[in-house]
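Me: Please take a close look at one part of this model, the nonpolar patch on the surface, and then at the residues with positive phi.

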Amino acid sequence: MAYEKSDDTAFLFRNEKKEKDAQPDYTGWVKYDGKERRLAAWVKDMRDGSKALSIKISDKQEPKPQQRSAPTDDIPF
């Protein structure tokens, strides 16, 4: 059974596809005031030796349509 997204809820999931430090350690979503937003979080080392999450909230990104390459019609007639 899928979880239904309701107001004032958020989820973060470990980013299993992380390849670079600039990519978030966790990604997810938050739904607030009826609008769903994207979450990205990085684990940061603090000066006192503790760890904290740095979180960025942004507009939800729609998947980019895959761009098709133009067909090459190099058939001589």
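Reply: The patch comes before the backbone angles below. This is a predicted model, in which local features need pLDDT of at least 70 and side-chain atom pairs count only at pLDDT 80 or more, while totals for chains, interfaces and linings use all residues. Residues are numbered from 1 along each chain as its sequence is written, and side-chain values use heavy atoms, with hydrogens and water left out.

Leu-12, Val-43, Leu-53, Ile-55 and Ile-57 make up a nonpolar patch on the surface, and together they have about 410 Å² of accessible area (Shrake-Rupley method, 1.4 Å probe, only the protein chains shown counting as cover for residues). Patch residues have over 30% relative accessible area and no salt bridge, with nonpolar side chains (Val, Leu, Ile, Met, Phe, Trp, Tyr) joined within 5 Å and like charges within 9 Å; a salt bridge is a side-chain nitrogen of Lys or Arg within 4 Å of a carboxyl oxygen of Asp or Glu. Strand S4 (residues 51–59) gives the largest share of the patch, three residues. Strands are DSSP runs of E, at least two residues, numbered from the N terminus. Val-43 lies in strand S3 and is partly exposed, at 37% relative accessible area (buried is under 20%, exposed over 50%, partly exposed in between; 1.4 Å probe, protein chains only).

Asp-8, in the segment before strand S1 (9–14), has a phi near 65 degrees, a positive value in a residue other than glycine. Asp-8 is exposed, at 59%. In the loop between strand S2 (26–32) and strand S3 (35–45) sits Asp-33; its phi is also positive, near 55 degrees, and Asp-33 is exposed with a relative accessible area of 67%.

Terms used:
Helix = DSSP H or I, 4+ residues; strand = E, 2+ residues; numbered from the N terminus.
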